[in-house]
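Here's a quick briefing to read with the model open in your viewer. Have a look at the fold first, then work through the points below.

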Amino acid sequence: MSTRVMMVDDNDSDLLYTRVTLQRCGEPCEVLAFERAQDALNHLARPDHGVALILLDINMPVMDGFAFLDAFEALPPAQRGGASVVMLSSSSDPADRERAQAYQSVTGYLIKPLDRGEAAALLRRTAGQ
């Protein structure tokens with residue numbers, strides 16, 4: 001069975017690289033990409049979204065990753081659908097990592113770029129939940 005992954009990142013190159021990495025890691029997945037955090041939240045409002053894993057950037061215009069997390073965690077549990085969030089950021093700042101880990105829905109923090117081994121491990125862990 002394929003894991004549905006939502007990527008939220010304002011950088012086209014990062015979205016493309018991460019998509020290719022996920023698709024080539026050897027684990028089945030379906031990838032949804034959103035450049036705007038609000039568009040991703042709107043998608044999650046659908047009861048049948050089926051998203052199991054969200055890869056979330058921190059630094060985005062209008063709504064950054066932390067604002068997305070605030071809004072995501074305010075959603076009713078049925079709307080979140082058990083999706084876990086892994087921060088995928090270029091920030092190696094320990095303060096960002098600590099802040100992200102304070103959110104209940106955040107299950108990991110990775111530094112870009114995502115490599116195939118990390119992608120495969122994430123998908124296996126998510127599929128096993």
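**Inside the fold**

Leu56 is a good place to start: leaving aside residues up to four places away in sequence, Leu56 touches Val8, Gly65, Phe68, Leu69, Val85, Val86, Met87 and Leu88. Keep in mind that this is a predicted model.

**Nonpolar cores**

- Leu56 belongs to the largest nonpolar core, a set of 26 residues.
- Along with Leu56, the residues with the most contacts inside this core are Leu44, Ile54, Phe68, Phe72 and Met87.
- Strands E1 (3–8), E2 (29–34), E3 (53–56), E4 (84–89) and E5 (106–111) each give two or more residues to this core, and so do helices H2 (37–44) and H3 (65–74).
- There's also a second, separate core of 17 residues, with Val31, Leu53, Leu88 and Leu122 among them.
- As background, nonpolar side chains tend to be buried together in soluble globular proteins.

**Aromatic pairs**

- How many aromatic pairs does the structure hold? There are 2.
- One pair is Phe66 with Tyr103: the ring centres are 6.3 Å apart and the planes sit at 20 degrees, so this pair counts as stacked.
- This pair links distant parts of the chain, with Phe66 in helix H3 and Tyr103 in the loop between helix H5 (94–101) and E5, 37 residues apart.
- Both partners are buried: Phe66 has a relative accessibility of 1%, and Tyr103 has a relative accessible area of 12%.
- The other pair is Phe68 with Phe72, where the ring centres are 6.0 Å apart and the planes are at 10 degrees, so Phe68 and Phe72 are stacked too.
- Phe68 and Phe72 are both in helix H3, and because they are 4 residues apart there, about one helical turn separates them.
- Phe68 is buried at 0% relative accessibility, and Phe72 is buried with a relative accessible area of 0%.

**A histidine to click on**

- His43 is in helix H2.
- Is His43 buried or exposed? His43 counts as buried because its relative accessibility is 13%, and the cut-off for buried is under 20%.
- Skipping residues up to four places away in sequence, His43 touches Met6, Leu32, Phe34, His49 and Val51.

**The largest pocket**

- The largest pocket holds about 210 Å³ of space.
- Its lining comes to 14 residues, and Met1, Ser2, Thr3, Arg4 and Ala52 lie nearest the centre.
- Which elements each supply at least two residues of that lining? They are strand E1 and helix H6 (116–127).
- By type, the lining of the largest pocket splits into 5 nonpolar, 7 polar and 2 charged residues.

**Backbone oddities**

- The peptide bond from Lys112 to Pro113 is cis, with omega near 0 degrees.
- Pro113 sits in the loop between E5 and H6.
- Val62 isn't a glycine, yet it has a positive phi of about 65 degrees.
- You'll find Val62 in the loop between E3 and H3.
- Val62 is exposed, with a relative accessible area of 91%, and the cut-off for exposed is over 50%.

Key. Residues numbered from 1 in each chain as written. Predicted model: local features only at pLDDT ≥ 70, side-chain atom pairs only at ≥ 80, totals over all residues. Heavy atoms only, no water. 1 Å grid on protein atoms, 1.4 Å probe; cavity = no way out; pocket = protein on both sides within 12 Å on 5 of 7 lines; lining within 4 Å. Points joined across faces, edges and corners; volume = space filled by probe spheres on them. Nonpolar A, V, L, I, M, F, W, Y, C, P; charged D, E, K, R; others polar. Core = buried A, V, L, I, M, F, W, Y, C linked by side-chain atoms within 4.5 Å. Buried < 20%, exposed > 50% of the residue type's maximum accessible area, 1.4 Å probe, protein only. Contact = heavy atoms within 4.5 Å. Phe/Tyr/Trp six-rings, centres within 6.5 Å; stacked < 30°, edge-to-face > 60°.
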